[in-house]
Amino acid sequence: DLDLWKNVSKIAKEGRRVGCGITALADMIAALNLKYDSKEALDIVEKVMSIKMKAELDCTSDLAILRGTFIGWDSKLEWNGFEGNNDFYKFISHKFPIQFNKMMNQGRRNINWSTIAPAGTVSLMTQSTSGCEPLFSPYYFRRKKINPNEKNAKIDFVDQNGDTWQEFPVLHPKFKDWINTNFDELGMSGFENLNNLNKEDLQKAFEKSPWYGSTANDINWTKRVEMQAILQKYTTSAISTTLNLPQNITKEEVSEIYLQSWKKGLKGQTIYRDGSRSGVLVSESTKDK
């Protein structure tokens with residue numbers, strides 16, 4: 001419907017909504033040799049996000065001076081219209097007084113200017129962790145079917161049909177870089193022999209790496225909520241992130257997660273309980289009936 005697209009175009013131009021975001025947060029924290037849910041990491045992320053928002057405020061006000069504000073800009077509605085009770089404006093007026101005053105005097109180009117998206121496809125291109133998510137796993141193993149005509153192929157697994165398979169490791173790219181940099185200390189060969197790395201070697205390397213204890217299933221959920229709250233404070237729209245929880249998480253704990261998220265001002269929260277999408281399980285007592 002042409003009218004629909006005309007309306008979408010009109011609203012987009014009137015608000016000039018922009019979604020500047022971040023990705024590879026977990027890799028940045030690991031590069032600083034910090035744990036994702038440590039106090040030091042939370043403090044660093046606070047500083048990074050503060051600098052980011054300061055730059056964004058300067059940029060959107062400077063663009064308003066050069067090219068004009070978004071059509072709906074009205075300083076009276078945005079500040080005085082709320083009688084000074086808007087928490088977001090209170091925050092930026094105290095945290096960034098110079099930028100706030102410039103915005104009030106000159107306006108801004110964008111009605112909204114930042115978000116934190118999942119960045120899944122982008123992270124594949126950047127070969128990094130995605131968005132603000134912690135690393136899910138540093139490595140895993142896949143299987144490649146061996147052609148019967150292949151000679152001297154290494155066989156790791158034979159399935160129920162008699163087909164043979166070879167296992168090979170898939171590493172988080174930054175974890176691979178870390179091993180490649182530290183392989184002498186780790187007692188490993190270089191990555192020309194990547195497919196020869198076994199699970200024991202990789203696990204030993206992981207336990208010495210800065211990602212150890214900081215994967216999605218390791219992080220304390222209260223610290224995850226704290227991290228998201230810091231990120232949300234400096235973000236003008238919602239954040240996409242998922243809390244990975246163990247299978248034995250209770251309803252009361254899940255309730256507490258959402259309650260704490262609300263108390264800390266988060267605009268959204270998603271959880272995933274391990275095993276919740278595994279399908280219908282057949283019990284030992286009924287599967288033969």
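Is Cys20 buried, exposed or partly exposed? In this predicted model, select Cys20 to begin: the residue is partly exposed, with a relative accessible area of 38%.

**The cysteines**

Keep Cys20 selected and add Cys59, which holds the nearest cysteine sulfur, 7.5 Å away. Cys59 is likewise partly exposed, and its relative accessible area is 42%. A disulfide requires sulfur atoms within 2.5 Å; the sulfur of Cys59 is therefore too far from that of Cys20 for a bond. A search of the whole structure returns 0 disulfides, and Cys20 is accordingly in none.

**Helix α8**

Next, select residues 173-186, which form helix α8. Centre the view on Asn180, where the helix has a kink of about 45°. Then display the side chains of Phe175, Trp178, Ile179 and Leu186, the buried residues of α8. To see what these buried residues pack against, add β1 (139-145), β3 (164-171) and α9 (199-208). Finally, step past the end of α8 to Gly187, where phi is positive, near 75°.

**The cavity**

How many cavities of 30 Å³ or more are there? The count comes to 1, and the largest cavity holds about 40 Å³ of space. To locate the largest cavity, select its lining: Ala26, Ile29, Ala30, Leu34, Tyr36, Leu135, Pro210, Trp211 and Ser214. Colouring this lining by residue class gives 8 nonpolar residues, 1 polar residue and no charged residue. Ser214 is one of the lining residues, and serine falls in the polar class.

Conventions: Residues are numbered from 1 along each chain as its sequence is written. This is a predicted model: local features need pLDDT of at least 70, side-chain atom pairs count only at pLDDT 80 or more; totals for chains, interfaces and linings use all residues. Side-chain values use heavy atoms; hydrogens and water are left out. The bend at a residue is the angle between axes fitted to the seven residues ending there and the seven starting there. Helices (H or I, at least four residues) and strands (E, at least two) are DSSP runs, numbered from the N terminus. Buried means under 20% relative accessible area, exposed over 50%, partly exposed in between (1.4 Å probe, protein chains only). Contact means heavy atoms within 4.5 Å. On a 1 Å grid over the protein atoms alone, a cavity is a set of points where a 1.4 Å probe fits but cannot get out, and a pocket is an open set with protein on both sides within 12 Å along at least five of seven lines; lining residues have an atom within 4 Å of a point. Grid points are joined across faces, edges and corners, and a volume is the space filled by probe spheres set on the points.
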